[in-house]
Amino acid sequence: MAAAPFATPQLKGYPVIPLVQQGAMAHSKPFVASAPIQKALGFPEELVENWQDKAIAKMGELLGKYRSLRVYMDTCVHCGACSDKCHYFLGTGDPKNMPVARQDLMRKVYRRYFTFAGKYFPWLVGAVDLTKEVLDDWYSYYNQCSECRRCSVFCPYGIDTAEVTMAAREIMASVGQGQKYSNEIIGKVHRIGNNLGIPAKALENTLEGLEEDTKEATGVDVRFPLNVKGAEVLLVTPSADFFSEPHVESLIGYAKVFHAAGISWTLSSHASEAGNFGLFIGNYDQMRDISMRVREAALELGVKRIIVGECGHAWRVAYNFWNTLIGPFDFLDQRYPVPQHICECTYDLIQRGALTFDREANDGRIITFHDSCNVARASRMGGMPGGQFIIPRAIIKAVANHFHDMAPETIREQTFCCGGGGGLLTDDLMELRVKGALPRMEALKSVVDEHGVNFMATICAICKAQFSKVLPSYGFEMEMIGGVHQLVGTAIRLGSPK
Amino acid sequence: MAFELNGKVYETDEEGYLVNLADWDEDAAKYIAGVENVEMTENHWEVVNFLREYYNDYQIAPAVRVLTKEIGKKLGAEKGNSKYLYELFPYGPAKQACKIAGLPKPTGCV
């Protein structure tokens, strides 16, 4: 694919904070959403004539609606604790990718229009007008934040940088400057039901194929049911699980877990997507409309439980927002978590002794675990502190013999983003994606060198796709990345073949 | 954006995917392959033709598993895997082969 050439950063033996390179990523920006893409979401088709007034008005609306945003605008003291915590800064050296500086692109406009000092003495307080130049800077750098919130972990005030990025993207979309990748995908969900745009007939054909493949590989009739009324569980999973490698291996893993545990389950062609890019563009209405398909499908199929597959931000939306977006869930079985993560489901079954494994089946793999940002820093599992870290690792250790964690400052709540999250997993941002993966690649390299790790498990479709793409740039095999339920699926005992 | 071959104009999007599926013909495929540095062999054509057939039936490119299984049947079991497809289309069978086949780009977490 034709793209401007760039050099992949060198992997160093230990993390080095890069020298600042002013403007190093100023050229990086994703394609702007075209008129038809914008129109489908109810956004203006192109940059509107009075965009400046509209943008300021939108900012005022958001400041009123989200008090947190106003606090984040007012409270930063520029202490610098966040400055070397962002993977995009560490990978690119561009000072505007220091979280504090990226936020300040909005903060200086906020000061100009919403504070006394900025209105009357802008030169004293670093307040600036919202010019086209500033807007262009916003478009470039607010599309160089994956909303992973690693910086927020280190902020003494707890400023949620992702929320600032979301607000900026929301303001830009509302004046006609939407981002093609995310907005095109959201349109597909509304039209077809999933990010990939897989229609029901194709989904049915794909699932039939998986039943054949699994039968051939195991001799057992493992089912991949679609739109089955009266099933106990509705599984909502990223559509990449149907379409891509290695994602599909985890889908096979979920099916085997349900089979082995004797749980009746179904997928839905109406809610054939767990992902919710409404979160990435900071738009409440889009996020609600996408989520609503899950409620509709659950009611239509009469299920008792909703389980979410391996998708990082889907779990954030489900865990944090579903109850207010699409609740109440009084029609579901309250004895189970509502909603439940597939890892919680599998973990509970393991605890109860309901699943058995041939761990040796994974002996060819020396495994590490990449915590996905939205799971790690915006959710929980198993109703216990740190459950989102403990449970996936406990599953891996139950199904495989060789596990090694990466360095402590690169995992759990301090995990580094894969480099492709938050609506940036697009070909037009390949340079950013490769460079942003640097901190994770360095941490991976040290467990590869020390322990011979050859498999990095994760529970996010974006992480899987991003690493498949960027691992080869750093000299690793793309097959090194896979899902936790890929490992489960390899080792699980299914009973006697028929 | 567009390119022109033998007097026929092919409209494309920013990334070089054909805008109108019906515009596609073998010349367009060869042209796009050239831009992508892919030299079209018989096996490349097998993949491209299957993608178009499948799209015609299902309005979406086949999932990777569906594709590898079909290619395994057509070209031999040893070729029915992603690794072989990546040899044919180094940027990834889903995106690069779809582009050459004149299909829309697969979107999402892929």
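In this predicted model, helix α14 of chain A (residues 247–261) packs against helix α24 of chain A (residues 484–491), with the two axes 7 Å apart and at an angle of about 55°. That angle is neither under 35 degrees, nor over 145, nor in the range 65 to 115, so α14(A) and α24(A) count as oblique to each other. The crossing of this pair is left-handed. On the α14(A) side, the residues that meet the partner helix are A:E249, A:S250, A:I252, A:G253, A:Y254, A:K256 and A:V257, and on the α24(A) side they are A:H485, A:Q486, A:V488 and A:G489. Sorted by class, this contact holds 5 polar, 4 nonpolar and 2 charged residues.

Another helix pair in chain A is α5 (residues 99–114) and α8 (residues 132–141), whose axes come within 10 Å and cross at roughly 150°. An angle over 145 degrees counts as roughly antiparallel, and that is therefore how α5(A) and α8(A) lie relative to each other. Here, too, the helices pass in a left-handed crossing. A:R102, A:L105 and A:V109 are what α5(A) brings to the contact, while α8(A) brings A:V134, A:D137, A:W138 and A:Y141. The class count for this contact comes to 5 nonpolar and 2 charged residues, with no polar ones.

Next comes the meeting of the two chains. On the chain A side, 32 residues are in contact with 19 residues of chain B. Four helices of chain A each supply at least two residues to this side: α11 (180–191), α12 (200–218), α13 (240–243) and α23 (461–470). The one that gives the most is α12(A), with 7 residues. By class, the side of chain A that touches chain B splits into 18 nonpolar, 8 polar and 6 charged residues.

As for chain B itself, it has 5 helices and 2 strands. Following the sequence along, the two strands come before the helices, giving the pattern β-β-α-α-α-α-α. The C-alpha atoms of chain B fill a box of roughly 40 × 25 × 25 Å along the principal axes. How does the radius of gyration of chain B fit with that of a compact globule? For 110 residues, such a globule would have a value near 13 Å, and chain B has 13 Å, so the two agree. Buried residues make up 38% of chain B. Among contacts in chain B with a separation of 6 or more, 46% link residues 24 or more positions apart.

Conventions. Residues are numbered from 1 along each chain as its sequence is written. Chains are lettered from A and ligands numbered from 1 in the order in which they are written. This is a predicted model: local features need pLDDT of at least 70, side-chain atom pairs count only at pLDDT 80 or more; totals for chains, interfaces and linings use all residues. Axes are lines fitted to C-alpha atoms, for helices over the stretch in contact, and angles run from 0 to 180 degrees between N-to-C directions. A crossing is left-handed if the near helix is turned anticlockwise from the far one by less than a right angle, and right-handed if clockwise. Two residues are in contact if their C-beta atoms, placed from the backbone, lie within 7 Å. Ala, Val, Leu, Ile, Met, Phe, Trp, Tyr, Cys and Pro count as nonpolar, Asp, Glu, Lys and Arg as charged, and the others, Gly among them, as polar. The radius of gyration is taken over C-alpha atoms; the globule rule is 2.2 Å times the number of residues to the power 0.38. A residue is buried if 20 or more other C-beta atoms lie within 10 Å of its own, exposed if 12 or fewer, and partly exposed in between; C-beta atoms are placed from the backbone.
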